[in-house]
Amino acid sequence: MKVLVIHGPNLNMLGRREPEIYGKATLAEINAQLESLGTSLGIRVETFQSNHEGAIVDKIQQAFGNCNGVIINPAAYTHTSVAIRDALLLLDVPIIEIHLSNIYKREAFRHKSLISDIATAQLAGFGAMGYQMALEAMSRMLR
Ligand code: DQA
């Protein structure tokens, strides 16, 4: 079993970026926790972060036929990217959309996700813990 975890723009700055909204955990810490949880669940976790829409599209295309599930925080591209949405539509594996913050409690422009209606599930507002919840849920879905 292999699960790809994709982190969108500015998530490389976690820990330093608006910690009152996104928390203190760094992306390296979140990824390390996911990898270790993956080991105990028998799932190989690959993590990927990019600030570039096209690079995220390329990564999703490479996942086609190569992974059993995708967990994605498209970050700001959640609200704008038809290209990431279209790439995700290529995949026939479960997709979990995740956000650290509760996007529905924030500015109106964050309330619209171009991903949520094509994702298998969405999780928002649990902070860094949400990634572990998403991987646990993915593991159950895949079994
Ligand atoms: C985010 C929410 C987005 O609106 C924002 O642009 C982000 C992070 C979150 O994880 O809460 O960069 O996806």
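Strands are DSSP runs of E at least two residues long, numbered from the N terminus. With that naming in hand, the tour of this predicted model can begin.

**First stop: R110**

Please select R110, which lies in the loop between β4 (95–99) and β5 (121–124). Is this residue buried or exposed? R110 has a relative accessible area of 15%; because buried means under 20%, R110 counts as buried. Next, add E107 to the selection: the side chains of R110 and E107 are joined by a polar contact of 2.7 Å. Then display Y22, H79 and I103, with which R110 is in contact once its neighbours within four places in sequence are left aside.

**Second stop: the loop between β1 and α1**

Move now to N10, in the loop between β1 (2–7) and α1 (19–22). Most residues other than glycine have a negative phi. N10 is not a glycine, yet its phi is positive, at about 75°. Its relative accessibility is 38%, so N10 counts as partly exposed.

Select E18 as well, since E18 is found in the loop between β1 and α1. E18 is a residue other than glycine with a positive phi, near 35°. The relative accessibility of E18 is 36%, and E18 therefore counts as partly exposed.

**Third stop: helices α3 and α4**

Two packed helices are described by the angle between their axes and the distance between the axes. Select helix α3 (residues 53–63) together with helix α4 (residues 82–89). Their axes come within 9 Å and cross at roughly 5°. Angles under 35 degrees count as roughly parallel, and α3 and α4 are therefore roughly parallel to each other.

Which residues of α3 and α4 meet? On the α3 side, show E53, I56, V57 and I60; on the α4 side, show A83, I84, A87 and L88. By class, this contact of α3 with α4 has seven nonpolar residues, no polar ones and one charged residue.

**Fourth stop: helices α2 and α5**

Finally, select helix α2 (residues 27–41) and helix α5 (residues 129–142). The axes of α2 and α5 come within 10 Å and cross at roughly 25°, so these helices are roughly parallel to each other. The crossing of α2 and α5 is right-handed.

To view the contact, display I30, Q33, L34, L37, G38 and L41 of α2. Facing them in the contact are Y131, Q132, L135, E136 and S139 of α5. By class, the contact of α2 with α5 has six nonpolar, four polar and one charged residues.

How values were computed:
Residues numbered from 1 in each chain as written. Predicted model: local features only at pLDDT ≥ 70, side-chain atom pairs only at ≥ 80, totals over all residues. Heavy atoms only, no water. Axes fitted to C-alpha atoms, helices over the stretch in contact; angles between N-to-C directions. Helix = DSSP H or I, 4+ residues; strand = E, 2+ residues; numbered from the N terminus. Parallel < 35°, antiparallel > 145°, perpendicular 65-115°, else oblique. Left-handed = near helix turned anticlockwise from the far one by under 90°. Contact = heavy atoms within 4.5 Å. Nonpolar A, V, L, I, M, F, W, Y, C, P; charged D, E, K, R; others polar. Buried < 20%, exposed > 50% of the residue type's maximum accessible area, 1.4 Å probe, protein only. Polar contact = N/O pair within 3.5 Å; in protein donor to acceptor, adjacent residues only side chain to side chain.
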